[in-house]
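Colleague: I have some questions about this model. Can we go through them one by one?

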Amino acid sequence: MQYRDLVRKAVWSAIYLLFILAPLFALLAGNLPPARNFGTEFSVALGYSGLAMMGLQFGLTARFRHVTEPWGEDVIYHFHRRVSLLAVSLVVLHPLILIAIRSEALALPDSIWDIPWGARFAVLSIASLIVLVVTALWRKQLKIRYELWHLSHIVLALTAIAAGMLHMVGWGFYLVDPLKRALWIGMTIFWIGLLLYVRLFKPLFMLRRPYRVAEVCAERGDTTTLVMRPEGHAGFRFKPGQFGWLTLWASPFRITGHPFSFSSSAEAADGRVEMTIRNLGDFTSAVKAVKVGQRVYLDGPYGAFTIGNPTDMHVLIAGGIGITPMMSMIRTLADRGDTRPLVLLYGSKDLESLTFREELDTLKARLDLKIVYVLSQAPDGWTGETGRITAEVFKRHLPPAYADHEYFICGPDVMMDAIETALGEMKVPLARYHSERYSFV
Amino acid sequence: MRRLLADRLVIATGVIVVVLALVFAFVRVASSQA
């Protein structure tokens with residue numbers, strides 16, 4: 001399985017590079033205009049590659065299951081954010097190099113009205129990219145509402161790419177050749193098609209496969225479970241630990257869906273799925289107001305975070321509402337009569353916020369399951385673990401062949417960073433970690 | 001750790017793209033002078 005994933009990662013990385021570089025090198029085919037100096041040609045190559053990279057950003061967030069599966073959706077989104085900085089740097093370097101080498105291409109005309117359209121589109125493209133990156137990096141500091149930011153993010157990305165393409169076509173040079181022009185215009189249509197796939201095609205599919213809320217259950221820790229059943233279709237099968245995008249109170253065409261792990265057993269009958277959502281003060285505060293019978297839309301399943309080798313001890317490490325994918329794993333293994341050894345390390349603020357506590361204690365009878373609660377605000381008389389989940393907690397509760405177990409981690413970023421560091425110090429190989437960050441959007 | 005892998009992939013992508021952009025420029029200039 002790991003070898004297969006490695007091959008899939010290598011193949012998708014190669015395809016990604018091919019989509020960036022092949023259209024650039026295609027410019028070298030056929031009849032060519034006389035070359036300019038080295039600096040100009042280098043800067044032009046950076047501009048073309050940067051634009052191709054920006055276009056492929058739509059592909060990274062298009063939720064293609066085959067692409068995201070080997071990496072995990074959270075890693076893909078992390079890559080999407082980081083590589084955008086690279087793409088913007090390449091695009092910005094293009095004019096900066098031309099300025100540095102005092103290229104004649106940048107000579108300003110006498111009147112602003114004489115500036116060629118190709119140059120105006122270049123300015124529009126770069127300005128859109130800069131605003132896009134600034135608003136993405138500092139959305140919270142700028143106090144931009146998520147939904148508004150998401151819409152502006154798409155509009156800015158489309159503007160940057162369309163203006164970039166018009167700059168290339170307007171400037172001519174390589175794209176004077178009709179075949180090369182057709183290739184790059186085709187590439188732009190392909191990139192925009194990726195956006196249409198996720199914003200038009202997928203919502204259309206979801207519209208025909210709605211779900212209905214069958215139950216709304218209040219859980220410990222200001223948390224609500226929505227039990228949903230497919231309406232007029234069979235639903236989908238998911239692996240325990242995976243997640244879906246939930247659209248509440250709106251049509252699936254609404255710009256913003258929210259990712260939540262499934263908390264129910266993957267063996268549940270009739271396509272029933274459950275999502276357990278904690279009130280985090282944002283839109284999640286309204287989830288408890290959802291009415292039974294309400295129509296909702298689900299896009300899924302996604303994610304590479306799921307149970308591993310049946311002979312290995314599974315160590316499930318949950319922080320707060322990070323318990324939901326673990327709950328799906330535990331419920332599924334119980335339904336399957338699976339006897340693999342399980343250790344659940346569950347960190348939370350206090351006893352009251354331990355979502356699913358009673359059910360977990362009951363499930364111990366059906367599984368080889370050991371549960372360790374770690375409370376940061378333990379009540380008087382608490383004899384269990386306190387503070388945070390650390391390497392010391394691992395050592396007290398796990399059999400010492402630490403590198404032989406499989407570790408599943410889900411919780412706040414700070415907790416996950418600390419645990420990943422602790423596992424590294426305990427010489428647990430990277431291949432033994434499975435993690436999903438639920439704050440990836 | 002998994003995000004570290006993604007960070008490394010971004011760096012590798014950057015290095016490959018910049019090197020091949022240099023190759024592109026070199027090929028263009030060299031073939032024009034030939």
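Colleague: Which residues does Ala52(A) touch, leaving out those up to four places away in sequence?

Modeller: This is a predicted model: local features need pLDDT of at least 70, side-chain atom pairs count only at pLDDT 80 or more, and totals for chains, interfaces and linings use all residues. Residues are numbered from 1 along each chain as its sequence is written, while chains are lettered from A and ligands numbered from 1 in the order in which they are written. Contact means C-beta atoms, placed from the backbone, within 7 Å. By that test, Ala52(A) touches Phe19(A), Ile20(A), Pro23(A) and Met187(A).

Colleague: Which helix gives the most to the largest nonpolar core?

Modeller: A nonpolar core is a set of buried Ala, Val, Leu, Ile, Met, Phe, Trp, Tyr and Cys residues joined through C-beta atoms within 7 Å. Buried means 20 or more other C-beta atoms within 10 Å of a residue's own. The largest core has 46 residues, and Ala52(A) is among those touching the most other members. With 11 residues, the top giver is H2(A).

Colleague: Which strands stand at the edges of the open sheet in chain A?

Modeller: Helices (H or I, at least four residues) and strands (E, at least two) are DSSP runs, numbered from the N terminus. Two strands pair if DSSP finds at least two bridges between them. The sheet has 6 strands, paired antiparallel, in the order S4-S3-S6-S1-S2-S5. Each edge strand has a single partner, so one side lacks a neighbour in the sheet: these are S4 (258-261) and S5 (273-278).

Colleague: How many bridges join S3 to S6 in chain A?

Modeller: S3 covers residues 243-247 and S6 covers 295-302. In one bridge, Thr247(A) partners Tyr297(A). The strands run antiparallel, and the number of bridges is 4.

Notes:
A residue is buried if 20 or more other C-beta atoms lie within 10 Å of its own, exposed if 12 or fewer, and partly exposed in between; C-beta atoms are placed from the backbone. Two residues are in contact if their C-beta atoms, placed from the backbone, lie within 7 Å.
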